[in-house]
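Student: Hey, I've got a new structure to look at and no idea where to start. Can you walk me through it?

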Number of protein chains: 2
Amino acid sequence: MSWLNFFRTRRDEAAAGSNANLAKDRLQVIISHERVSRTREDFLPKMQQELVAVVTRYVAVDPDKVQVNLERGADLSTLAIEIELPGPKGKLT
Amino acid sequence: MSWLNFFRTRRDEAAAGSNANLAKDRLQVIISHERVSRTREDFLPKMQQELVAVVTRYVAVDPDKVQVNLERGADLSTLAIEIELPGPKGKLT
């Protein structure tokens, strides 16, 4: 399944399962770091701030609307940053 | 399903379905941009270079080992950046 179809299915399932209005502009940044060599440093936590900073150069981001979820395993870590974007008036000029 | 379990399942399925040695250090950056307001600009293509630049500040990246897949729909776009990382000797000093 392509990522476009994956996220579309995921969005539609979330919308179907909830009567809340989920129709918002939203950005999700998901990072997975697979480490065969356990000696490799897990740098996701450090990278997080810089990635959000990149996003804020393209669209106005309300820090209260940024959700971060870091999961760390011995050989795999994932970082999920979910940003609800303001309406069109929030566009960068 | 948590993102950690999602990527673990996906990695294990890929490994099971192939006799190639998939055991490599790998970083996947997946970004989805949901746009309710179609007027919102699709800024993923522009953001791509900056995101890879952030990663290269943390780990040595061979440009030949970076795969980018951009999919664009009217209301949803996804950008997948897959980076095969060098062995531990490739660590940044």
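Tutor: Sure, one term to begin with: a salt bridge is a side-chain nitrogen of Lys or Arg within 4 Å of a carboxyl oxygen of Asp or Glu. This is a predicted model, where local features need pLDDT of at least 70 and side-chain atom pairs count only at pLDDT 80 or more, while totals for chains, interfaces and linings use all residues. Residues are numbered from 1 along each chain as its sequence is written, chains are lettered from A and ligands numbered from 1 in the order in which they are written, and side-chain values use heavy atoms, leaving out hydrogens and water.

Student: OK, so how many salt bridges are there across the interface of chain B and chain A?

Tutor: The rule finds eight. One of them joins B:Asp75 to A:Arg11, with the closest N and O atoms 3.2 Å apart.

Student: Which elements of chain B touch chain A?

Tutor: Those giving two or more residues are α1 (3-16), β1 (26-34), α2 (44-56) and β3 (76-84) of chain B; helices (H or I, at least four residues) and strands (E, at least two) are DSSP runs, numbered from the N terminus. The most comes from β1(B), with nine residues.

Student: What does β1(B) pair with?

Tutor: Strand β1 (residues 26-34) of chain A, in the antiparallel sense over nine bridges; strands pair if DSSP finds at least two bridges between them. There, A:Gln28 stands opposite B:Ser32.

Student: And how many residues are in contact?

Tutor: 48 of chain B with 49 of chain A, contact being heavy atoms within 4.5 Å.
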